[in-house]
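Reader: Could you take a close look at one part of this model for me, down at the level of side chains? I'm at the bench all day, so keep it chatty and connect things as you go.

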Amino acid sequence: MKQLSVLALAFLPFLLHAQDDLIRKIETNKSYVTIKNNDPNSKYHFNHIIDLERTSVKNQASSGTCWSYSTNSFLESEMIRMGKEPIELSQIFSAHCVYMDKAETFVRMHGSISWGDGGECHDVINMFSKYGAMPQEVYTGLHYGTTKNKFAEMQAILKGMLDAVVANPNGKLTPSWKKAYNDVLDSYLGAIPEKFVYDGHTYTPKTFAEQRVGIHPEDYIEIQSVTNQPYYKRSMFMVPDNWAFERAYNVHMDDLTDIIDNALNKGFTVAWAADVSEKYFSWKNGVAYVPEKDYEDMDDTEKKYMFDGPKDERVITPEKRQQAFDNYETTDDHGMHIVGLAEDQNGRKYYIVKNSWGEKNDFKGYIYVSKAYVLYKTTAILLHKNGVPNRLREKMGV
């Protein structure tokens with residue numbers, strides 16, 4: 001147990017700053033030419049084929065809450081799809097609930113799960129079902145003197161407390177640790193109110209979720225694609241941030257884009273979890289694709305002009321995809337929101353993806369992601385079950 005605590009402390013700075021480190025890692029992934037849609041000087045020209053409604057781009061700032069921002073954005077689009085007035089939901093309410101439940105699991109597992117801001121798309125659905133939802137204007141999560149999320153200090157304190165609990169210095173755990181832990185959460189994020197007033201009506205988080213958001217959590221499913229588990233069955237989603245040990249439906253690789261295409265054509269958006277730490281993911285330029293060559297095999301000119309216009313892409317196979325998982329080349333980095341489909345001047349298809357890093361890129365917070373990239377680097381997708389093609393729903397028993 002003592003060795004585990006030392007190891008956890010060694011990795012603590014990385015865990016606390018993982019999101020900031022990720023953004024710094026990819027900020028040099030950019031072209032030396034400006035890329036802007038409909039700009040005659042741009043080397044990329046995108047035509048939107050499907051462009052579904054969504055709320056405005058947000059900024060998760062210095063917090064690893066992409067999973068909450070992306071999936072709450074997805075729920076906001078679900079409200080629009082259902083004919084409801086969209087309400088911008090509190091991402092930090094979902095996070096606060098997760099950090100409470102995750103702490104209990106951490107202690108129950110004697111500290112043998114990853115700790116930090118991270119989570120998965122299913123966490124938002126699970127918290128919605130268990131605790132409800134709140135509007136962003138009522139619960140901002142900014143209770144510590146900043147105007148943007150900045151979680152490092154809070155998470156360092158929380159992790160220190162949990163390590164002390166797991167070390168069990170009394171020889172028997174007391175019930176006091178949960179209150180002390182939740183008091184820290186409330187000090188930084190704000191206490192969750194039992195009742196609140198919104199739009200002239202009084203709600204609890206549960207009644208707000210039921211009456212104003214109105215989704216049915218049981219209608220949403222998570223999907224992965226690995227070759228080492230049975231297809232069309234639910235199996236463990238084997239990524240470090242799956243602290244809830246949730247299972248996801250496993251499908252063939254090509255089914256991923258078939259499902260996304262079918263969903264978009266029917267008016268459903270998709271919550272998308274993926275690896276974005278690749279040299280060919282350019283947040284600055286708003287383009288992600290899979291070049292034919294590995295970055296290490298490119299010459300300086302090829303590297304310099306990676307994003308100066310459409311390039312030929314690598315053919316992705318299930319074997320290549322699985323190998324990237326097995327070698328830790330594909331990691332569970334980031335959650336985003338797929339809201340449409342576009343094509344470039346050569347007819348290649350890209351998904352229109354809403355991010356949560358603010359509007360400081362060439363497409364004001366959006367990125368065009370090729371289908372090859374999605375096939376290669378997706379860790380999971382989450383969507384309404386009616387967005388899945390009927391032939392696959394039958395195989396999955398959904």
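Author: Let's start with a charged side chain: Arg54 has a relative accessible area of 23%, which makes this residue partly exposed. Bear in mind that this is a predicted model. The partner of Arg54 is Asp51, and their side chains meet in a salt bridge with N and O 2.4 Å apart. Asp51 is also partly exposed, with 40% relative accessibility. As background, side chains of opposite charge can pair when their charged atoms come close.

That pair belongs to a bigger set, since the search of the whole structure turns up 21 salt bridges. Let's look at a couple more of them. Asp183 pairs with Lys179, and here the closest N and O atoms are 2.9 Å apart. Why do these two line up? Asp183 and Lys179 sit 4 residues apart in helix H7, which runs over residues 176–189, so about one helical turn separates them. Asp183 has 35% relative accessibility and counts as partly exposed, while Lys179, at 55%, counts as exposed.

Next comes a pair that spans a stretch of sequence. Lys284 makes a salt bridge with Asp362, with the closest N and O atoms 2.8 Å apart. Lys284 is in the loop between strands S8 (281–282) and S9 (287–288), and Asp362 is in the loop between S11 (349–354) and S12 (366–370), so their pairing ties together parts that lie 78 residues apart in sequence. What about cover? Lys284 comes out partly exposed at 33% relative accessibility, whereas Asp362, at 12%, counts as buried. Elsewhere, salt bridges with shared partners link Asp255, Asp258 and Arg391 into one network.

While you're in the loop that holds Asp362, have a look at Lys364, which is also placed between S11 and S12. Lys364 isn't a glycine, yet its phi is positive, at about 55°. With 55% relative accessibility, the residue counts as exposed. Most residues other than glycine have a negative phi. Asn168 is another case: its phi is near 55°, positive again in a residue other than glycine. You'll find Asn168 in the loop between helix H6 (152–167) and H7, where 28% relative accessibility makes Asn168 partly exposed.

Now for the inside. The search of the whole structure finds 4 cavities of 30 Å³ or more, and the largest of them has a volume of about 90 Å³. That cavity is lined by 15 residues, and the closest to its centre are Tyr69, Ser73, Lys354, Asn355 and Ser356. Who builds the wall? Helix H3 (66–81) and strand S10 (334–343) each give at least two residues to the lining, with H3 supplying the largest share, 5 residues. The lining splits into 10 polar, 3 charged and 2 nonpolar residues.

Zoom in on Ser73, which is part of helix H3. At 6% relative accessibility, Ser73 counts as buried. Its side chain is joined to the side chain of Lys354 by a polar contact of 2.8 Å.

One more stop: strand S4, residues 220–224. This strand is mostly covered, with 5 of its 5 residues buried. Tyr220, Glu222 and Gln224 point one way and Ile221 and Ile223 the other, and all are buried. So what lies alongside? S4 is joined by 4 bridges to strand S13 (residues 378–384), and those two run antiparallel. Ile221 has Leu383 as its bridge partner in S13. Strand S6 (residues 247–250) runs parallel to S4 and is joined to it by 2 bridges. Across to S6, Ile223 has Tyr249 as its bridge partner.

Definitions and conventions. Residues are numbered from 1 along each chain as its sequence is written. This is a predicted model: local features need pLDDT of at least 70, side-chain atom pairs count only at pLDDT 80 or more; totals for chains, interfaces and linings use all residues. Side-chain values use heavy atoms; hydrogens and water are left out. On a 1 Å grid over the protein atoms alone, a cavity is a set of points where a 1.4 Å probe fits but cannot get out, and a pocket is an open set with protein on both sides within 12 Å along at least five of seven lines; lining residues have an atom within 4 Å of a point. Grid points are joined across faces, edges and corners, and a volume is the space filled by probe spheres set on the points. Ala, Val, Leu, Ile, Met, Phe, Trp, Tyr, Cys and Pro count as nonpolar, Asp, Glu, Lys and Arg as charged, and the others, Gly among them, as polar. A salt bridge is a side-chain nitrogen of Lys or Arg within 4 Å of a carboxyl oxygen of Asp or Glu. Buried means under 20% relative accessible area, exposed over 50%, partly exposed in between (1.4 Å probe, protein chains only). Two strands pair if DSSP finds at least two bridges between them. A polar contact is a pair of N or O atoms within 3.5 Å; within protein, one must be able to donate a hydrogen and the other to accept it, and residues adjacent in sequence count only if both atoms are side-chain atoms.
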